[in-house]
Amino acid sequence: MDNDSSVNLQEAMPETEQAKTEASTIAFGIGDSWEEVAGLDMLHCVDESGGIFYDDWNDFWVPPLDRALLLKISKTNPYHGPIIFSRRNMSAELIKLSPLLNRQELEAALYNFLLFGDCGLLKIRNRLGKVIELISLSGVWLRAMKNGNFKYLQRGGKHKEYRKEDVIFIKQYDPYQQIYGVPDYMGGLQSAMLNTDATLFRRKYYKNGAHCGFIFYATDPSLDSDKEKELQDSMKASKGVGNFRSLFVNIPNGKPDGIKIIPVGDIATKDDFTNIKSVTSQDMLSAHRFPPGLSGIIPAGTSNFGDPLKNDETYKKNESIPLARKIVEAINQDSDIKHMQRIALAA
């Protein structure tokens, strides 16, 4: 077929058919993405080097895991964070207080150790150089240096430096590296993030309204670009809880089936929200080795979690006492503390 025939054939086509040929596909989304729990995979840097490297510019070892993200995850997961607080409280009750270490600093040290895998206690000395108090240093900002000293990061870059003799640094053993400790719940981090992601997704769904589960599909050639823009603006302006109740669309000479609403999925029945929450919560209990009967979880069906008093006694024997003993012995073995009033375990 020659060019003239093609031109004549196109001119002979009805206007609606020409519009179909010339029209381009338009797609747009409504709503914003939800905030992620963590900007990176928490396990991305644990390799044969231990995941640490030396920051020559700031003169300190960078921890194997982003500590700000570890703290953020603990504050957004309904099981992970509270379990850490429970473990802290249980172990703190097993340690006798002394003039060197009050309850606030003891609980802070235990919290740092459980959350980050290590903790640092700063020795406060009198004019004679005698240690009179121990202050907990936040694990988010404490960094180890090559010479054994420690840096405590400050806003503005004017970091404080403490001699290694002035800091009692207690860490959990890590086979990869011996600079920092690594928390014992590492295997459950992915489940903690999945649990929170599922909650954020469900929360975003209800916040946006029912329209986020549908595709607004239009094929009517009478829907010109101006009307498409008006329709997009109307739908975007309708987002929010309860706002997407009705939408008036007027297309002169339009077709009956020119606009359709296509459901993508039924979020109430087809997603695995309940299963995800259940499985990930169990993962967190396993990662912390924490008894379900002490976590506030309601037993499903006719099952039960046994005697909570027996669970508490067993957990105290296997987890709380060993943690309390580790902290007490690390403090008492310090050269400046050996000949002073020592920290002790409660009877």
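This is a short dialogue on reading a predicted model, from the whole chain down to single residues.

Q: Where do I start, and how many helices and strands are there in the chain?
A: Start with the overall inventory. The chain holds ten helices and twelve strands. Of its 347 residues, 37% are buried. The accessible surface is about 20800 Å², and carbon and sulfur atoms account for 52% of that.

Q: What share of the contacts join residues at least 24 apart in sequence?
A: Take the contacts between residues at least 6 apart in sequence; 68% of these join residues at least 24 apart.

Q: How do I read a strand, and which strands pair with β4?
A: Look for the partners on its sides. Strand β4, residues 118–125, pairs with β5, residues 131–137, in the antiparallel sense over six bridges. Strand β9, residues 167–171, also runs antiparallel to β4, joined to it by five bridges.

Q: Which residues stand opposite G120 in β5 and in β9?
A: In β5, G120 faces L137. In β9, the bridge partner of G120 is F169. Another bridge to β5 links I124 with E133.

Q: What lies between β4 and β5 in their hairpin?
A: Five residues separate the two strands, and G129 takes a positive phi near 85 degrees in this hairpin.

Q: Why is β4 called largely enclosed by the rest of the structure?
A: In a regular strand, side chains alternate between the two faces of the sheet. As for β4, six of its eight residues are buried, so the rest of the structure largely encloses this strand.

Q: How do I read a helix such as α10, and what is its span from first C-alpha to last?
A: Compare the span with the expected one. Helix α10 covers residues 308–332, 25 in number, and reaches 33 Å, close to the 36 Å expected at 1.5 Å a residue.

Q: Where does α10 bend?
A: The bend is at K316 and amounts to about 50 degrees.

Q: Which residues of α10 are buried?
A: They are Y315, E319, S320, L323, A324, I327, V328, I331 and N332.

Q: How do I read a single residue: is H288 buried or exposed?
A: Find its element, its exposure and its neighbours. H288 belongs to helix α9, residues 273–288. Buried means under 20% relative accessible area. H288 has a value of 0%, so it counts as buried.

Q: What does H288 touch?
A: Leaving out residues up to four places away in sequence, H288 touches H80, I83, I84, R87, Y185 and Y315. With R87 there is also a side-chain polar contact of 3.0 Å. Y315 is one of the buried residues of α10.

Key:
Residues are numbered from 1 along each chain as its sequence is written. This is a predicted model: local features need pLDDT of at least 70, side-chain atom pairs count only at pLDDT 80 or more; totals for chains, interfaces and linings use all residues. Side-chain values use heavy atoms; hydrogens and water are left out. Helices (H or I, at least four residues) and strands (E, at least two) are DSSP runs, numbered from the N terminus. The expected span of a helix is 1.5 Å times one less than its number of residues. The bend at a residue is the angle between axes fitted to the seven residues ending there and the seven starting there. Buried means under 20% relative accessible area, exposed over 50%, partly exposed in between (1.4 Å probe, protein chains only). A polar contact is a pair of N or O atoms within 3.5 Å; within protein, one must be able to donate a hydrogen and the other to accept it, and residues adjacent in sequence count only if both atoms are side-chain atoms. Contact means heavy atoms within 4.5 Å. Accessible areas come from the Shrake-Rupley method with a 1.4 Å probe; for residues, only the protein chains shown count as cover. Two strands pair if DSSP finds at least two bridges between them.
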